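Look at the model from the outside, then follow the chain inward. The text below takes up the overall build, one sheet, one loop residue and the nonpolar cores.

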Amino acid sequence: MPKKQPAKQGETLVIVESPTKAKTIQKYLGGKYRVIASVGHIRDLPKSKLGVDIGQKFQPEYITVRGKGDVLKSLRDAKKKASRVFLAADPDREGESIAWHLATYLNIDENDACRVVFNEITKDTVKEAFKSPRKINMNLVDAQQTRRILDRIVGYKISPLLWKKVKKGLSAGRVQSVTVKLIIDREREIEAFKEEEYWSLHVQLSDGSQSFQAKFVKFGGKDFPMPNEQAMQVIAAHVQAATFTVNQVVEKEKYRQPSAPFITSTMQQEAARKLNFRTSRTMSVAQKLYEGIDIGKEGTVGLITYMRTDSTRVSQTAQDEAKQYITSEYGANYVPAQPRNFSKKAAAQDAHEAIRPTSVLRTPDMLKAYLDRDQHRLYKLIWERFVASQMATAVYDAMTVDVAAGQALFRANGSKIKFAGFTKVYEEGRDDESTEEHHVLPALQAQQQLINEKLDPKQHFTQPPPRYTEARLIRELEENGIGRPSTYSATLETIQKRGYVALDSKKFMPTELGRLVNDLMEEFFAEILDVEFTAGFESKLDSVEEGKDNRIHVLEDFYQPFSGLLTKAEEEMKDVVLKDEESDEICDKCGRNMVIKLGKKGKFLACPGFPECRNTRNIVKDTGVTCPSCKVGRLVERKGKKRLFFGCTEYPTCNHVSWDRPLKTPCPSCGSLLITKKERGQQKAICGSCGFNDLLEKVEPDESK
């Protein structure tokens, strides 16, 4: 541990939250300043009790955070010797609250111009911020306190009930309970879903030099559903001997605009899609990029702007720098005629800029040697998204061709990139993991006859709505105004720790415990689970922040009906007994039938004799495929530390292992094992022996149901 330097008499003291941030800012401000860290909050509500005096206008009872004695002493000592104190916590509600707690604890007048804020940690920005300090914004502090007090009331009033009626260790929360309900509601939709059969009919056509595919769309000028094979056969029989003639050709330019630069939620979603990052991982890496990284000759520099924001606004300086870079690197035609300004959502707080690199000139390639793998990948994503957001529109030549065959109408769509524009740098990911493909059609004219090379009918089944991935769930929370993007990471972690939901193949599934607690919440605290109520509360917090409402009024409006619900629940909620699903597997240690439990990583087998018998076992999914190495065992799905893999049941005698899912159908070319992989958004069946490669649905249709 480096030896602490004593504060010099009369120096200016600056207090921030993080030691890393303190180190970066100290370098910029020089020896006349002393920058130290509070290491987050120094005061909070007590954990041992409610800590809110409801009868005294919801007065909070703050205490110093346990374990911070050394930090508090160093803050007091430094303040005594300082001629002036600046509070430079993060530029949001939480940061303002930290500054207020520091001012209260250190006896700094909150009306003094002691508060310094900056959106990025770069030398010029930091120095400029210290030229215009302001007093603490009590509206921001009150908004944070209102949220903290209400969440404390909900958690500390409902949680003891759940402990008493269900089991210890449970909790309820304003945002977490709504999030669990969303996951359960989606699961109910999936369980209630009834698949329906339908067919499609494509035709492979040719103009004599180039083949292309067209899809059946109408019959006799009207929609013609094909719910079964018989309906499809009617159309197939009709067109089999018909002449395929071009009915009309429509050509036009299409335009695509770039996505806005990242806000917190879109960064979390895109990092999940493209980098496979959990939300907590994204925010942790972004925090380091914001606070500062040593990049050689420049020293420690904040590489991105503040990562907790829901504003897409970008400073003029950043736009000008991006314009110069794009012009130099790609050419003037890649710069839009007017700088791009993106519209914000009605509920967005516009205090900060969007998430962007502090300098576009620090390219990902330049910084690769100084960043670890996670930091480089996330920085690259943020950099590319921002640069693309300031680039010109992408232009496509699009062609739609209608082809008549008797009374049937088929349609083919094609496009090719005319001008890449922003796509030269970046394209947004999609939740369905598909990618946009561009098919170029031949030059066709009306009345031109085409060759029918092949009819291609396909059977399909409607699919239930998908379970939520982290990206989908974050998008749902944001679209419904539930919580704030800065809280999503903690919320998703909490509902998993409590055992209410589990991730199965990167998708959220409710546990039996989660369903049970949700049922109780729906019965006794329906308003807490109401999406509109939760979103409405966020609007009230915004009103407190803007000075249009006060926290006492907001809390009284909530507590009056809530206390009535609480009284009813205490009187009427019945004790609940949790039952585990029994399996046919026998515990090899005590002989009991093992039960199925759902943990953080999905389902597993556990002995019901716990705690006397602590035996657990993974649930093995048999693929039904014979091991290609030993020809004796079968390939089963197993869970590694980070992802699924497929191994032989004869392990350790046979060490065959593969990351790719094996298929029951052997290779049609050589008879070897086929595996399935996703390539360019399409699921493919691939043979490692002979190189066979085709669409999965053509090789093993049942796999896509």
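Two strands count as paired if DSSP finds at least two bridges between them. This is a predicted model, and one such bridge in it links Val16 to Ala37, its partner in strand 2. Strand 1, residues 11-16, and strand 2 pair in the parallel sense over five bridges. In general, the strands of a sheet pair through backbone hydrogen bonds, and the pairing may be parallel or antiparallel.

Strand 1 and strand 2 belong to an open sheet of three strands, in which the order is 2-1-7 and the pairing is parallel. The edges are strand 2 (33-37) and strand 7 (82-87), each of which pairs on one side only. From one strand to the next, the twist averages 25°. Helix 2, residues 69-81, lies across strand 1, strand 2 and strand 7, and runs at about 130° to strand 7.

The sheet is one part of a protein that has 19 helices and 29 strands. Along the principal axes, the C-alpha atoms fill a box of roughly 95 × 75 × 55 Å. Of the 705 residues, 48% are buried. The protein exposes about 36,000 Å², and carbon and sulfur atoms supply 47% of that area. Among contacts with a separation of 6 or more, 66% are between residues 24 or more positions apart.

Next, consider a residue in a loop. Lys49 lies between strand 3 (43-44) and strand 4 (52-53). Is Lys49 buried, exposed or partly exposed? Its relative accessible area is 40%, so Lys49 is partly exposed, since buried means under 20% and exposed means over 50%. Apart from its neighbours within four places in sequence, Lys49 is in contact with Glu61, Arg152 and Tyr156. Lys49 and Thr64 are 15 residues apart in sequence, and their C-alpha atoms are 14 Å apart in space.

Now turn to the interior. In soluble globular proteins, nonpolar side chains tend to be buried together. The largest nonpolar core here has 77 residues, and those with the most contacts inside it are Ile15, Leu87, Phe525, Phe558 and Phe562. Helix 5, residues 138-165, gives the largest share of this core, nine residues. A second, separate core has 63 residues, including Leu289, Tyr290, Met307 and Tyr379.

What does Leu87 touch, not counting residues up to four places away in sequence? Its contacts are Ile15, Ala99, Leu102, Ala103, Ile108, Cys114, Arg115, Val116 and Ile136.

Terms used:
Residues numbered from 1 in each chain as written. Predicted model: local features only at pLDDT ≥ 70, side-chain atom pairs only at ≥ 80, totals over all residues. Heavy atoms only, no water. Helix = DSSP H or I, 4+ residues; strand = E, 2+ residues; numbered from the N terminus. Axes fitted to C-alpha atoms, helices over the stretch in contact; angles between N-to-C directions. Contact = heavy atoms within 4.5 Å. Buried < 20%, exposed > 50% of the residue type's maximum accessible area, 1.4 Å probe, protein only. Core = buried A, V, L, I, M, F, W, Y, C linked by side-chain atoms within 4.5 Å. Areas by Shrake-Rupley, 256 points an atom, 1.4 Å probe, with all protein chains shown as cover.
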